[in-house]
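Here are some short exercises to try at your own pace. Have a look at the sequence and the structure, then work through each solution step by step.

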Amino acid sequence: MSKIITMIPVRMASTRLPNKPLLDINGKTLIQRVYENVKACVPGDIVIAAGDQVIVDEAKKFGAKAILTDPSLPSGTDRISAALKELDPDGSKYDIVVNFQGDGLNVDPKINLSLIDMIERTNCDIATCGMIFKNEKDVLDPSMVKICMGLRDGEREGRCLYFTRAPAPYIRNPEKCDNKDFYHHIGIYVFKASSLQKMVSLPVGVLEQRESLEQLRALENGMTIRALVVDNMKLVDEAPADINTPEEYEEALKWIK
């Protein structure tokens, strides 16, 4: 039985939505709702990797454990790694680390159960997920990251060969191609604990720097990433998956009760 910990990286700094973690969502703060959603379905320990003392203080109010980390850390991956080192300095306590984003108010945490299972079955370093693109416009959008993986028709899981902002893979002979799907990467990650610490210890990769995608650092260094294709990632279909703008905040208030 794997020893699992879910870590929720969160910090106050947000240029588009100030004080985002402490926003009131119909009677509870954003970070409390995210924490409670995770606690309801993901096994193991849950810890908030906080970039600010005010988040640690808020976590105490609703009974969550929080670790204060350096606010200048460059990414959520670095933040959960720092918190994990404090909780488990010799790397013996946990086998699998779930990285659940602190603004993922409407992301279904049950997705992580399948990703945990994927790591246990395949021994991959990192498990993530994607969705099939529904239209060509989104495939061409560089803000929407594509996963390159060789899935045959009917397959829902595979090894990730590359991640890119470009429309890829190219289809040279459509008439001879059985699977013409493009996969939109959803930034949900589950790590083997040792693989998380290895990844953050590596220097920034050449391809990572070009594409501004940190998962390419793992691929450049021979680590294995597998992805699950999911049909839906939301708890409430009508609400935004996460909150990044005032408009998304207002929309979430209509649906999240």
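The exercises below deal with a predicted model.

**Exercise 1.** Find out where Asp181 lies and whether Asp181 is buried, partly exposed or exposed.

*Solution.* Start with the chain: Asp181 sits in the loop that runs between β10 (162–164) and β11 (183–192). Next, take the relative accessible area of Asp181, which is 33%. Buried means under 20% and exposed means over 50%, so Asp181 counts as partly exposed.

**Exercise 2.** Which residues form a negative surface patch?

*Solution.* Asp181 is one of the members. Patch residues need over 30% relative accessible area, and Asp181 has 33%. Joining Asp181 in the patch are Asp153, Glu155 and Asp178.

**Exercise 3.** Describe the surroundings of Ile132.

*Solution.* First, place the residue: Ile132 belongs to strand β7 (residues 126–132). Then check its cover: a relative accessible area of 26% makes Ile132 partly exposed. Now list the contacts, leaving out residues up to four places away in sequence: Ile132 touches Arg156, Asp181, Phe182, Tyr183 and Val229. Finally, try a distance: Gly91 is 41 residues from Ile132 along the chain, and their C-alpha atoms are separated by 36 Å.

**Exercise 4.** Is Ser195 buried or exposed, and what does Ser195 touch?

*Solution.* Begin with helix α6 (residues 193–201), where Ser195 is found. The relative accessible area of Ser195 is 4%, so Ser195 is buried. Not counting residues up to four places away in sequence, Ser195 touches Asp125 and Met223.

Definitions and conventions: Residues numbered from 1 in each chain as written. Predicted model: local features only at pLDDT ≥ 70, side-chain atom pairs only at ≥ 80, totals over all residues. Heavy atoms only, no water. Patch = residues over 30% accessible without salt bridge, like charges linked within 9 Å, V, L, I, M, F, W, Y side chains within 5 Å. Areas by Shrake-Rupley, 256 points an atom, 1.4 Å probe, with all protein chains shown as cover. Salt bridge = Lys/Arg side-chain N within 4 Å of Asp/Glu carboxyl O. Lys, Arg positive; Asp, Glu negative; His and termini not counted. Charge placed at Lys NZ, Arg CZ, Asp CG, Glu CD. Helix = DSSP H or I, 4+ residues; strand = E, 2+ residues; numbered from the N terminus. Buried < 20%, exposed > 50% of the residue type's maximum accessible area, 1.4 Å probe, protein only. Contact = heavy atoms within 4.5 Å.
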